[in-house]
Amino acid sequence: MNIILMALLGALASIMANKGIAVFNDGLRPIMPEHIEGRMTRKELAATTFAMSFGLVIGFGIPFSLAANIILIHCILLGTDIIGASSPDGKKGLIISGVIGALYGIGILLGLESVVKAFELLPVNFLGSLGEVGTPVVVAFAAFPALATAYQYGVKKGIINLFVSVMAYQAAALFGSISLGTATIKLNPQGSALIIGMTILLIFAMREKQEGETVDLVSIFAERVKRIRKNLPILMLMGGLVAAATASNLIAGDPISLNLMKESQFIDAGFASLARGIGFIPLVASTAIVTGVYGPVGMTFVFAVGLFVRNPILAGLIGAVVIGCEVLLLDRIAHFIDKFPGIRKSGDNIRMAMTKLLEIALLVGGMNAANAMAPGIGYFLVVGLYILNEIAGKPFVRMAVGPIAAILVGIFVNLLALIGLFVVA
């Protein structure tokens, strides 16, 4: 069943990219109309897509997926962007992209399983230690609403948000057990801090009112909005597949929820995905309206559906409805964002705060994982590789350096073990 699910997901995403219906890479979406409207050749589109996406698959998607044994969605959908963009136009391209996309989805699933089995054959199986990469993320993720508040409204308000979030964390930790007859409900401290932090950020954001005239994007790009709505059935099908795959623990939408899923903290992962979805509303809605090209995961709320609804079939049905509602409400969402510019700005600041938090948390996690593999050497190598990446002009995005460095330390330790310079504990 998992193989069928991944094959369908890979095939449909590749077809959607080939037909210009939806692409995952946010930077690619504004480029798609250039090809759709005849100003860019298929060859040029393929080269651009490859340049924008391949490095992220290798340097971002795969290291996180290995560390948690759950596939980060970037592994699949950045790859299907490349497959779809590289396949020819017409029915031939539809078939080619669909077949290659299906094989790619299966390959990612089975390939990850094969890599995990291969670790067991190594002199030093460092897969368990690699799991330490995500530990700081699980603890620290609730801080990002306070960071977003600081970016948008200044350090003082950010400190207030952080303080209130910490108090919510402590309150849930100390008094979070609620008895209902024979059952006991336990509030999660990280989830409580996240909800309070996001509430404070949104309160600040909604206090900003629009001044002066606004540009009605929906009216200007009415034809492109119609194009998205015309593809509603295939978008809903894709949303259902993503939600079902998430409910099956096959995929995760971002590194934060991925690491929470690894710890079986599905409710917290769901809240993290909800918060991320709020941050992506302005970006996805505005680029969709302007380009006529949607995202295969929409505004990313389908991941939250899969995390809250643990039945894959039910999650699939709800996920399809969620993306359908997103598309049908595109114009109203755009008008709402225009009325509250603070919410529009908060989307950018939420993404920036998440990125900064992940950069630090994953670097610390990478150092801890590497040191668990090789005490002393681990810290030495990860810090050195991080700074070398900076000196080299950041060929790898900062948040990926920690996991990649930890993997390299694991490989290095195994090489030392093979030549007798490392004693296996």
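Two residues are in contact when heavy atoms of theirs lie within 4.5 Å. Keep that in mind for the views below, all taken from a predicted model.

**View 1. The whole chain, and who touches whom.** Take the contacts between residues at least 6 apart in sequence: 77% of them join residues at least 24 apart. The chain is built from 21 helices and 4 strands. Its C-alpha atoms fit a box of roughly 65 × 55 × 50 Å along the principal axes. A compact globule of 425 residues would have a radius of gyration near 22 Å, and the chain agrees, with 22 Å.

**View 2. Inside and outside.** Of the 425 residues, 54% are buried. What the chain does expose comes to about 18,600 Å², and carbon and sulfur atoms supply 70% of that area. As for charge, count 29 positive and 23 negative side chains. The centres of those two sets sit 2 Å apart.

**View 3. Two cysteines, Cys75 and Cys325.** If you're wondering about disulfides, the structure holds 0. Cys75 has a relative accessible area of 2%, under the 20% cut-off, so it counts as buried. Cys325, at 38% relative accessibility, counts as partly exposed. Cys325 falls within helix H17, which spans 312–328, and Cys75 falls within helix H4, which spans 73–86.

**View 4. Helix H16 under its cover.** Helix H16 runs over residues 301–308, and 7 of its 8 residues are buried. Those buried residues are Phe301, Val302, Phe303, Ala304, Val305, Gly306 and Leu307. What lies over them? The cover includes helices H4 (73–86), H13 (232–247), H14, H15 (266–291) and H17 (312–328), along with strand E4 (251–252).

**View 5. Thr300, in the loop before H16.** Thr300 lies in the loop between H15 and H16. Its phi is near 75°, a positive value in a residue other than glycine. Is Thr300 buried or exposed? Thr300 is buried, because its relative accessible area is 5%, under the 20% cut-off.

**View 6. Ser264, in the loop between H14 and H15.** Here's another loop residue with a positive phi: Ser264 has a value of about 60°, although it is not a glycine. The loop that holds Ser264 links H14 and H15.

**View 7. Asn259 in helix H14.** Asn259 belongs to helix H14, which covers residues 255–262. With 3% relative accessibility, Asn259 counts as buried. Which residues does Asn259 touch, not counting those up to four places away in sequence? They are Gly134, Val137 and Val138. H14 itself is part of the cover over the buried residues of H16.

**View 8. Ala172 in helix H9.** Ala172 sits in helix H9, residues 155–175. Its relative accessible area is 6%, so Ala172 falls under the 20% cut-off and is buried. Leave aside the neighbours within four places in sequence, and Ala172 is in contact with Leu187, Asn188, Pro189 and Ser192. Take the pair Ala172 and Ser192: they are 20 residues apart in sequence, yet 6.7 Å apart in space, C-alpha to C-alpha.

Notes: Residues are numbered from 1 along each chain as its sequence is written. This is a predicted model: local features need pLDDT of at least 70, side-chain atom pairs count only at pLDDT 80 or more; totals for chains, interfaces and linings use all residues. Side-chain values use heavy atoms; hydrogens and water are left out. Helices (H or I, at least four residues) and strands (E, at least two) are DSSP runs, numbered from the N terminus. The radius of gyration is taken over C-alpha atoms; the globule rule is 2.2 Å times the number of residues to the power 0.38. Buried means under 20% relative accessible area, exposed over 50%, partly exposed in between (1.4 Å probe, protein chains only). Accessible areas come from the Shrake-Rupley method with a 1.4 Å probe; for residues, only the protein chains shown count as cover. Lys and Arg count as positive and Asp and Glu as negative; His and the chain ends are not counted. The place of a charge is taken as NZ of Lys, CZ of Arg, CG of Asp or CD of Glu. A disulfide is a pair of cysteine sulfur atoms within 2.5 Å.
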